[in-house]
Each structure stands twice: as C-alpha cells, then as structure tokens.
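Open the structure in your viewer and show the side chains. The stops below tell you what to select and what to look for.

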Amino acid sequence: MTVSAGLGIANFPFEDAKGFWRWVDLCDSGGVDSIWQSDRLIGPDPNLECMSVMAALAGATQRLKFGMNVASLGLRDPVLTAKACATIDVLSEGRLLPAFGVGSSRSRDYAATGTPTRGRGQRSAEGLEILSRLWRQDSVTFAGKHFQLSEASIAPKPVQRPLPLWVGGSAPQAIERTARWGTGWQAGIESPAEVEPVIAAIKARAAELGRRIDEDHYGAAFAFRFGSADEPIVVRYLEFLTQRLGKPADGFLAVGDREEIMTLLQRFRDTGVHKFILRPIAHGTEDFIDQTRLLIERVLPEVAGLG
C-alpha cells in the first residue's frame with residue numbers, strides 16, 4: 001500500500017497566471033503526487049473552474065496527477081461530465097483523478113445555475129452510475145428518475161482501466177454512494193475522529209454489496225503552514241474555519257514545522273487514511289510557492305517513508 005500527499009487549492013491565491021504555472025511546475029518537478037482544485041462557481045473570491053483546470057493541467061504537466069476536490073455532481077450533466085473526464089484522461093495519458101460529491105444545499109451555485117437543490121442526492125447517485133458505466137461499457141442503457149440513456153457509448157474510453165472514481169461526503173447517503181460506485185473516498189474538512197467511523201462504514205457496506213475498495217484509497221485533507229500560530233494569516237484562517245464549522249477548529253490544521261504536520265498526518269494514518277490533500281495557508285504567489293517548497297523539502301520525504 002502506498003501513502004502519498006498532494007496539494008489542494010480552494011481559491012486562486014496567485015497574482016496572475018504566471019504565478020500559478022510557476023507553482024504547478026514546482027509541484028511537477030518536486031515530487032508532489034497530485035494537485036486538487038476545489039469546485040465553486042459563484043463567489044467574490046478568485047476561484048478557477050475545476051474541470052477547466054483539469055484540462056489545462058493535462059497539457060502543461062508531465063508527471064503530476066490531478067483531481068477535483070470535489071466536483072458537485074448534483075450540478076453537472078453526467079454524460080457531458082463522463083465525456084470530459086474521458087477526454088482529459090486520454091490527453092494526459094492516464095493522470096486524471098475524478099472526485100465527486102453532492103454539493104451543499106447552501107451553495108449559491110445551485111441558484112445561479114437554476115438547478116434545484118431538492119433531489120440533488122438522487123441525481124448524484126444516478127450520475128455516479130452513469131459515469132462508471134460509460135467509462136467501462138460499450139453500450140449503456142439507463143432508466144432513472146432524472147436521467148435516461150439508450151444504448152449510449154463514449155469513445156475513446158479513459159486510459160485508466162478502471163478510471164478512478166473518488167467520492168466525497170460523510171452522510172449515510174454518501175457512504176452508500178461510495179460503497180456502491182466509488183473506487184476511493186475523500187474526506188472533507190473533518191478530524192481523524194470524524195473520519196474513522198466513515199471509513200469503517202464504507203468498508204462494511206462495500207462488503208455487503210460484494211465490492212472492495214483498496215485499503216490505500218481512503219483520503220483526508222487538512223491545511224498547513226510552516227510558521228507560527230500568531231501570524232495574522234493563520235489567525236484569520238482559524239477564525240474563518242471556526243465560523244464555517246461552528247466549533248473550535250484548532251485540530252483541523254497543522255501550524256509549525258515538519259513535526260506538527262507529520263503528527264496530524266499520522267493521526268489520520270491511524271484511522272486508515274493513505275492519501276492526503278494538504279492545503280497551504282498562504283496568500284500571494286511567493287508565499288504559496290515558499291510554503292509548497294518547504295513541504296516538498298521537509299515533509300514529502302517523510303510521507304514517502306510511511307509507504
């Protein structure tokens with residue numbers, strides 16, 4: 001089993017595109033496993049559209065894998081999404097890591113696109129089945145409440161066989177979707193204590209369905225910063241996260257140096273997590289690149305040793 005760490009971006013912290021590509025080049029050459037782009041359409045903060053980023057990374061990188069953390073399938077047509085993912089996987093020669101969730105009912109993306117929040121869970125469940133089948137089968141007939149297909153097929157098929165299908169979410173319905181269709185599970189902003197029972201439930205349900213998800217295909221994410229807790233950027237981030245979670249957020253990020261980051265990472269490892277998406281607490285191109293370089297130099301060798 002392998003342990004690996006990728007880097008996640010929830011917004012666009014760079015001054016311009018040149019800064020973004022400098023960071024991508026550093027990740028590609030520095031041994032970072034993967035880049036993960038969050039999904040948000042509407043909002044005042046700069047944020048790139050995640051599927052567009054996947055296509056851009058396919059052509060601009062040589063080694064890096066890349067994924068969405070996580071794309072809201074309740075907002076997307078599954079046939080168009082299946083075709084886009086297959087195309088990106090072909091052009092990247094098998095480096096796409098598709099990851100999907102339902103999306104929050106409070107997201108402004110639903111209202112802005114005229115998409116009802118009601119029924120989004122069932123739409124997502126049907127969408128996951130359609131994605132999985134279109135990527136694998138030459139002819140797909142599907143009769144659901146929201147989507148219907150008759151002898152549908154896409155070509156070329158993804159290079160990866162099977163194309164990974166990571167699923168996000170911790171609710172009982174998300175556990176069911178993961179166990180039934182997922183090849184991996186990715187936690188959201190959750191602590192090790194919150195992640196552990198979800199992993200156990202997915203494994204149990206998958207076994208009931210006659211399926212098995214690889215032991216090293218369970219992931220978690222947390223924010224980090226090489227620095228001190230009294231830095232203004234850390235204080236602001238902690239205040240934001242506490243407000244979002246509705247509870248103290250001290251245990252949801254690692255601030256300090258290698259020891260602090262590895263301690264939190266190991267706490268997740270003890271619950272069965274093998275894949276990590278680490279988000280730099282940084283602003284501006286130089287700060288973001290500096291934090292990434294420190295992670296590459298001080299933490300990634302330790303992560304590789306865990307495998």
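Is Lys157 buried or exposed, and at what relative accessibility? Select Lys157 and show the surface of the predicted model. Lys157 counts as buried, because its relative accessibility is 14% and the cut-off for buried is under 20%.

**Stop 1: a salt bridge between two loops**

Keep Lys157 selected and add Asp138. Their side chains meet in a salt bridge, with 3.6 Å from N to O. This pair links distant parts of the chain, 19 residues apart. Lys157 lies in the loop between strand E8 (148–152) and strand E9 (166–168), while Asp138 lies in the loop between helix H5 (120–136) and strand E7 (140–143). Unlike Lys157, which is buried, Asp138 is exposed, with a relative accessible area of 65%. Side chains of opposite charge can pair when their charged atoms come close.

**Stop 2: Arg225 and its two partners**

Next select Arg225, Glu231 and Asp287. The side chain of Arg225 forms a salt bridge with Glu231 at 3.2 Å, N to O. Arg225 also forms a salt bridge with Asp287, again with 3.2 Å from N to O. The pair of Arg225 and Asp287 joins distant parts of the chain: Arg225 is in strand E11 (residues 218–226), and Asp287 is in helix H10 (residues 285–298), 62 residues apart. Both of these residues are buried; for Arg225 the relative accessibility is 8%.

Now select Glu176, Arg180, Arg205 and Glu208. Salt bridges with shared partners join these residues into one network. The count for the model comes to 17 salt bridges.

**Stop 3: helices H5 and H6**

Go to Arg133, which is found in helix H5. Arg133 is buried, with a relative accessible area of 15%. Leaving out residues up to four places away in sequence, Arg133 touches Val140, Thr141 and Phe142.

Then select helix H6 (residues 172–181). Which residues of this helix are buried? They are Ala174, Ile175, Arg177, Thr178, Ala179 and Trp181. The buried residues of H6 pack against H5, E9, strand E10 (184–186) and helix H7 (192–208).

**Stop 4: the nonpolar cores**

In soluble globular proteins, nonpolar side chains tend to be buried together. To see this here, select Phe20, Trp23, Met68, Phe100, Trp135, Phe222 and Phe276. These are the residues with the most contacts inside the largest nonpolar core, which has 75 residues. Helix H2 (residues 50–60) gives the most to this core, with 6 residues.

Zoom in on Trp135. Apart from neighbours within four places in sequence, its contacts include Ala82, Cys85, Pro98, Phe100 and Ile154. Lys157, from the opening stop, is also among the residues in contact with Trp135.

A second, separate core has 9 residues, including Ala223, Leu241, Phe252 and Ile281.

**Stop 5: the second largest pocket**

For the last stop, select Asp33, Lys65, Leu97, Trp166 and Lys275. What is the volume of the second largest pocket? The volume is about 250 Å³. The selected residues are the closest to the centre of the pocket among the 19 that line it. Strand E1 (4–9), strand E2 (34–37), strand E5 (96–97) and strand E13 (275–280) each supply at least two residues of the lining. Colour the lining by residue type: 8 of its residues are nonpolar, 7 are polar and 4 are charged.

Note on methods:
Residues numbered from 1 in each chain as written. Predicted model: local features only at pLDDT ≥ 70, side-chain atom pairs only at ≥ 80, totals over all residues. Heavy atoms only, no water. 1 Å grid on protein atoms, 1.4 Å probe; cavity = no way out; pocket = protein on both sides within 12 Å on 5 of 7 lines; lining within 4 Å. Points joined across faces, edges and corners; volume = space filled by probe spheres on them. Helix = DSSP H or I, 4+ residues; strand = E, 2+ residues; numbered from the N terminus. Nonpolar A, V, L, I, M, F, W, Y, C, P; charged D, E, K, R; others polar. Salt bridge = Lys/Arg side-chain N within 4 Å of Asp/Glu carboxyl O. Buried < 20%, exposed > 50% of the residue type's maximum accessible area, 1.4 Å probe, protein only. Contact = heavy atoms within 4.5 Å. Core = buried A, V, L, I, M, F, W, Y, C linked by side-chain atoms within 4.5 Å.
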